[in-house]
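Thank you all for coming; I would like to take a few minutes to walk through a structure that may be new to most of you. Please have a look at it first, and then we will go through it part by part.

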2 protein chains.
Amino acid sequence: MAASDMGTRERRQRQVAEREQLFLNAARELVREDGLLKLQMSRVADRCEYAVGTLYLHFASKEDLLVALTTQNLREHAGLFRRVAQWNASTRDRMFAIGVADMIFVRRNPEHFRLAQYALCEVVWRAASARRREDLLAANQPIGAIVAGIVEEAVAAGDLELQRQTPQELATGLWSLCFGFHNLVHAEGVLEDFSIREPYVLMCRHLQHLLNGFGWRPLADPADKRALDALIKRICRDVFNDVCHAAPAAGAAPRAAATPRTAP
Amino acid sequence: MAASDMGTRERRQRQVAEREQLFLNAARELVREDGLLKLQMSRVADRCEYAVGTLYLHFASKEDLLVALTTQNLREHAGLFRRVAQWNASTRDRMFAIGVADMIFVRRNPEHFRLAQYALCEVVWRAASARRREDLLAANQPIGAIVAGIVEEAVAAGDLELQRQTPQELATGLWSLCFGFHNLVHAEGVLEDFSIREPYVLMCRHLQHLLNGFGWRPLADPADKRALDALIKRICRDVFNDVCHAAPAAGAAPRAAATPRTAP
DNA sequence: GCAAACAATGAATCTAGTTCACAAGACTGT
DNA sequence: ACAGTCTTGTGAACTAGATTCATTGTTTGC
């Protein structure tokens, strides 16, 4: 009795988890199809052939669902970073590869940045349930931790001096640069009159500049486009062989792939 | 007849513009009091003792109003940058002062970053009218232009080599770093377990690192906290004498000053 | 086989943003 | 001064879409 009880309870829980996946996948599809703007709870339920009420058994609100969606993306993001951490290369190359991972991640999840920007906004964040917020932070935690870990390793290996900073503090610099760059790229019009051709190559170059600024050895020459391309290609081959196809050449804004927009 | 006609039309226009200010100020107050989440169009109208319909004569939608509010902030932001551009100091110091200006601006407008984050989100951005979007971009334009201008000057003065980059491209690096840092600081919980003590001092240090990475002379030693503090103090005195009071010591997150939040 | 517990449902409710038919006031020409 | 016209302001009514909850169906335990 007790055993079968536990068995059925487990099965039930599994089914519920599966249904949650179903909802999340449907929501992601809808966001990719029509944009965040047009996401409707009733459509999500419809697409999964469940009643709205059922959807609300899983998610306390629309915001809750959006935060959950972001959390899923962050888990994939962390997965890519984890690969980099295990890559057998110099700490400098690994840190640079973190930037490449970021780039690949955004290309695979074109909706992510808009979504994250929205989900982390006060308005949405506070309307989500405490549990979802915690989940998101938990999914986010490794992202910072992995970066800080590489920093620590670099110090141990003598590639880098911290100079009174904590590894976390140093990591925020790299993080800000990438995060801010994504945000700029995705803020329509803001970069328009800057006529940036290949935004993500530029991001990588800035990353190299910042790493140089930190004195992270071996220093790189960010002006050497050939070396930069070769490094990116190598990273794609060694670390992200299965996930990055058209990587080195691709520097176009991911905007086109994201959601439909008003006339340019 | 024609003269008085023009006179009354001008007066009318002025009055309309004043009323728009009234609405925007009320909206800003409400956002500071209750947070972005609770902003209601009817409350804005109430506070100004006008009918909702009148409010809608000015703003096509709630999003429209929020974008307009952000635009106002950006104008103040650009104003601070303009002062820096006119400061009589080395290009390196001026570029660093841009970061300080950013810091001061955020302290004076604690709601700005949340607001901007929200307003630039696809969801809100696309729901605003084309005119408001253009206005925002126009208000934003000088911000990038001033930075690019300082870069150009630095090249002309021999303080910096561009190495195949455009001034705009280089500017994006600095911009991303600051923008990203603000976003990180304002994303509740994200920086929590990083235990960052004085976020904006850290931002300034990262800025110095990145400038060093660009090879922008004279190179600075970001580990020299004393020199950094002195520089910040000098900038506050020479450039922002009237607007920055408790500047050099203040590094606390502006979160507290912003909107009320759920239990920490 | 039946009652209690649990899960799913979707019509009804509710909230705020938005509209628009009408009223009040301002201007014009006689 | 006055009737007509045009502009501006109003707020009750409308609406979309998120959220709820009384009802109905399904499983579990005895």
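Which side chain has an N or O atom 2.5 Å from a phosphate oxygen of DNA strand C, if we look in chain B? In this model, which I should say at once is a predicted one, that side chain belongs to B:Tyr56. The elements that give two or more residues to the surface near DNA strand C are helix H3 of chain A, residues 52–58, and helix H4 of chain B, residues 62–86, and of these H3(A) gives the most, with 4 residues.

Staying with the DNA, we find that 15 residues surround strand C, and that the closest are A:Arg19, A:Thr54, B:Met41, B:Tyr56 and B:Lys62. Of the atoms of the strand that come within 4 Å of the protein, 76% belong to sugar and phosphate. A:Arg19 has a side-chain N or O atom 2.5 Å from a phosphate oxygen of DNA strand C, whereas A:Gly53 uses a backbone N or O atom, which lies 3.4 Å from a base nitrogen of that strand. Sorted by class, the surface near the strand holds 7 nonpolar, 4 polar and 4 charged residues.

Let me turn now to a single residue, A:Asp64, which lies in helix H4 of chain A. Is A:Asp64 buried or exposed? Its relative accessible area is 2%, and because that is under 20%, A:Asp64 counts as buried. Apart from neighbours within four places in sequence, A:Asp64 is in contact with A:His58, A:Phe59, A:Ala128, A:Ser129 and A:Arg132. Two of these partners deserve a closer look: the backbone nitrogen of A:Ser129 lies 2.7 Å from a polar atom of the A:Asp64 side chain, and the side chain of A:Arg132 makes a polar contact with that of A:Asp64 at 3.4 Å.

Finally, we come to the contact between the two protein chains, which takes 57 residues from chain B and 57 residues from chain A. The area buried between them is about 5500 Å², with carbon and sulfur atoms giving 64%, and B:Glu122, B:Arg126 and B:Phe194 supply 12% of the area that chain B buries against chain A, more than any other three residues. There are 4 salt bridges between the chains, and B:Arg197 forms one with A:Glu169, where the closest N and O atoms are 2.8 Å apart. On the side of chain B that touches chain A, the largest share, 14 residues, comes from H9(B).

Methods: Residues are numbered from 1 along each chain as its sequence is written. Chains are lettered from A and ligands numbered from 1 in the order in which they are written. This is a predicted model: local features need pLDDT of at least 70, side-chain atom pairs count only at pLDDT 80 or more; totals for chains, interfaces and linings use all residues. Side-chain values use heavy atoms; hydrogens and water are left out. A residue is near a molecule or strand if one of its heavy atoms lies within 4 Å of it. A polar contact is a pair of N or O atoms within 3.5 Å; within protein, one must be able to donate a hydrogen and the other to accept it, and residues adjacent in sequence count only if both atoms are side-chain atoms. Ala, Val, Leu, Ile, Met, Phe, Trp, Tyr, Cys and Pro count as nonpolar, Asp, Glu, Lys and Arg as charged, and the others, Gly among them, as polar. Buried means under 20% relative accessible area, exposed over 50%, partly exposed in between (1.4 Å probe, protein chains only). Contact means heavy atoms within 4.5 Å. Buried area is the accessible area (1.4 Å probe) that two parts lose on being put together, summed over both. A salt bridge is a side-chain nitrogen of Lys or Arg within 4 Å of a carboxyl oxygen of Asp or Glu.
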